[in-house]
Amino acid sequence: MEWTTKKRYLPYNKWDAETLFDLQAQADQSQFQLHYHIRPSSGLLNDPNGFSYFNGAWHVFYQQYPFGPVHGLKSWHHMKSADLVHWEDMGLTVKPDTQFDSHGAYSGSATVINDKLFLMYTGNVRDQNWVRHSYQNGAWMDQNGHIKKLARPLIEAPNHVTEHFRDPQILKHGDKYYAILGAQDKETETGKVAIFSSSDLTGKWNDLGYINFTDKDMGYMIECPNLVFVDDQPVLIFCPQGLDKKITPYENIYPNMYVAGSKFKFDAGKMTTTQAAPINLDDGFDVYATQAFNAPDGKVYAISWVGLPDVEYPTDNENWANCLSQVKELSLKNGRLIQRPVAAMGTLRQAGHLIRTAKVIDGRQVVESHAGQQYELKITIARNQNGTLHLAGTHAVDHSLQLNFNTGKDAFFEIDRSKAGQTFNKKYGMTRKICLPENQALDLDVFVDHSLAEVFINNGEHVMTLRYFADQKNDKIALTGKNSLNYYGTFWNLADM
Ligand code: FRU
């Protein structure tokens, strides 16, 4: 089917109910479907939005185009949870149905105000000449999940930005509200993070200019900026598009990065940092648009889109695409973000068993001969080892998702998805590699959900997230190396959420 612009922006009521039903059934039946991650009910999912705690529950929304695996007319799809792991589908909530969001209810955030959740999002509007206008809109969600949009936008694009001005994060600081936004500066055509303030939320918003957090050029556009305070230190998470790879190397089409600082002055729009360049938030293949927030329990939680703009995935052929990551808890160590699974992930574990160094048979050490496609593997590989951990392996592990490691001198960890089923996005490389401290044991906490792997390395010092699309019959976990390898760990099958 050809996805013309006209088709992508067809109002939802022009689609018949049966089409949607068929799309949902097709997504449900996919062998690659996720079982304990948030995935689109149909069509395409992208950014997490409005991640919050409200009325005794966790909430997150996802950007969705429900009618196919493409970026079309977007809405917010609401998910609710008691524990950040088991999510209940609350359906489409913020829809493109006003003159200020007619071509998409784009990304945004949420904050609790009195007994309501206040949503701030970008209304994407195209005029007759298909010129884009961005409005930063507000809406109230009550305790029953009903949405009431404000009649007028909160912020209109200032003269110093181009049409690329979106993804507001609303924050309360002192007695004022602040919004930070992704922007493209008109004069320089560079990516910026804009900041606005308001003392009464629905009245006047003051343009405070751009946030000063780096002296480097951040490419041509910044999407999804997100400010959190981790251990009281400001951390700005954002997606620079077109960033010079000499500033920070990355291989994905667009990276998701962060800068950690020591002070953040809201009214001056200034973040004090000694960090010379942004750092990749995830060292894998597929993370974008991460949204984090300071929760009332004192913790900082983050959730990411596992997918990237402007690239295709194999499930496009099945008319659905992408998922969200599991929720990650953030902390800081030596100025770097640590990301860990939340404790409640443990509730998905089924009877676990210990794994120990196995004998080499036919050149491999079998960890699990039938792991299934839904599990957690915690494994510690001793120091001075050199080899490969195969996931989703065939019997002879000639096809597998390969996790290559060296825990001796010149230590590294690398993920190679070139032999893990269908290949895709080859243009951006089939491997991702990080350096490790030399001569130290390597701790991996690996979560597999059919077509998604999230690998937490050394207690969250790195995370590598990726999609892969292997035959679901291939479910061997094994190790290969020149010599016999020493390791121990635990394996759990995980339940559906
Ligand atoms: C990032 C993004 C945002 C925008 C949204 C639209 O992936 O392009 O900038 O608000 O997706 O779905």
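User: Which residue takes a positive phi in the hairpin of E20 and E21, and how many residues sit between the strands?

Analyst: This is a predicted model, so take every value here as computed from it. In that hairpin, Gly298 has the positive phi, near 85°, and five residues lie between the two strands. As for the arms, E20 spans residues 287-294 and E21 covers residues 300-306. They run antiparallel and share six bridges. If you want a spot to look at, Asn294 stands opposite Val300 in E21.

User: Is E20 mostly covered or mostly open?

Analyst: Mostly covered: seven of the eight residues in E20 are buried.

User: What should I know about the sign of phi in residues that aren't glycine?

Analyst: Most residues other than glycine have a negative phi. So a positive one is worth a look when you go through the backbone. Asn55 is a case here, with phi near 55°. You'll find Asn55 in the loop between E1 and strand E2 (57-65). Leu84 is another non-glycine with a positive phi, of about 70°. Leu84 is in the loop between strand E3 (75-81) and strand E4 (87-94).

User: Which of these counts as buried and which as partly exposed, Asn55 or Leu84?

Analyst: The idea is to count C-beta atoms within 10 Å: 20 or more means buried, 12 or fewer means exposed, and the range in between is partly exposed. Leu84 has 23 such neighbours, so it counts as buried. Asn55 has 16 other C-beta atoms within 10 Å, so it is partly exposed.

User: How many C-beta neighbours does Ala57 have inside 10 Å, and which residues does it touch beyond four places in sequence?

Analyst: Ala57 lies in strand E2. It has 13 C-beta neighbours inside 10 Å, and is therefore partly exposed. Leaving out residues up to four places away in sequence, Ala57 touches Lys80, Ser81 and Ala82. Take Ser81 as an example: it is 24 residues from Ala57 along the chain, yet their C-alpha atoms are separated by 5.8 Å.

User: Now the sheets. What holds the strands of a sheet together?

Analyst: Strands of a sheet pair through backbone hydrogen bonds, and the pairing can be parallel or antiparallel. One case here is an open sheet of six strands, ordered E26-E37-E28-E33-E34-E35, with antiparallel pairing. At its edges are strand E26 (349-356) and strand E35 (462-467), each of which pairs on one side only. From one strand to the next, the twist averages 15°.

User: How many bridges link E33 and E34 in that sheet?

Analyst: Five, between strand E33 (residues 442-449) and strand E34 (residues 452-457), in the antiparallel sense. One pair to find is Val448 with its bridge partner Ala453 in E34.

User: In what order do the strands of the E27 to E32 sheet come, and which are its edge strands?

Analyst: The order is E27-E36-E29-E30-E31-E32, in an open antiparallel sheet of six strands. The edges are strand E27 (365-368) and strand E32 (431-435), both pairing on one side only. Here the strand-to-strand twist averages 15°.

User: Why is E29 described as largely enclosed, and what does it pair with?

Analyst: Six of the eight residues of E29 are buried, so the rest of the structure largely encloses it. On the E36 side, five bridges join E29 (residues 386-393) to E36 (residues 476-481), again antiparallel. There, Gly387 is partnered by Gly481 and Thr388 by Thr480. With strand E30 (residues 401-406), E29 pairs antiparallel over six bridges. His390 has Gln402 as its bridge partner in E30.

User: Last one: which residues come nearest to the ligand, and which elements give two or more residues to the shell?

Analyst: The shell holds 13 residues, and Gln63, Lys74, Tyr106, Ser107 and Glu223 come nearest. Two or more residues each come from strand E1 (43-54), strand E5 (105-113), strand E10 (161-173) and strand E14 (221-230). By character, the shell divides into four nonpolar, four polar and five charged residues. For context, an unreviewed UniProt entry annotates residues 37-341 as "domain: Glycosyl hydrolase family 32 N-terminal". That span is 0% helix and 55% strand, with its end C-alpha atoms 13 Å apart.

Note on methods. Residues are numbered from 1 along each chain as its sequence is written. This is a predicted model: local features need pLDDT of at least 70, side-chain atom pairs count only at pLDDT 80 or more; totals for chains, interfaces and linings use all residues. A residue is near a molecule or strand if its C-beta atom, placed from the backbone, lies within 6 Å of it. Helices (H or I, at least four residues) and strands (E, at least two) are DSSP runs, numbered from the N terminus. Ala, Val, Leu, Ile, Met, Phe, Trp, Tyr, Cys and Pro count as nonpolar, Asp, Glu, Lys and Arg as charged, and the others, Gly among them, as polar. Two strands pair if DSSP finds at least two bridges between them. Axes are lines fitted to C-alpha atoms, for helices over the stretch in contact, and angles run from 0 to 180 degrees between N-to-C directions. UniProt positions are given in the numbering used here, feature names are shortened, and annotations may be inferred rather than shown by experiment. Two residues are in contact if their C-beta atoms, placed from the backbone, lie within 7 Å.
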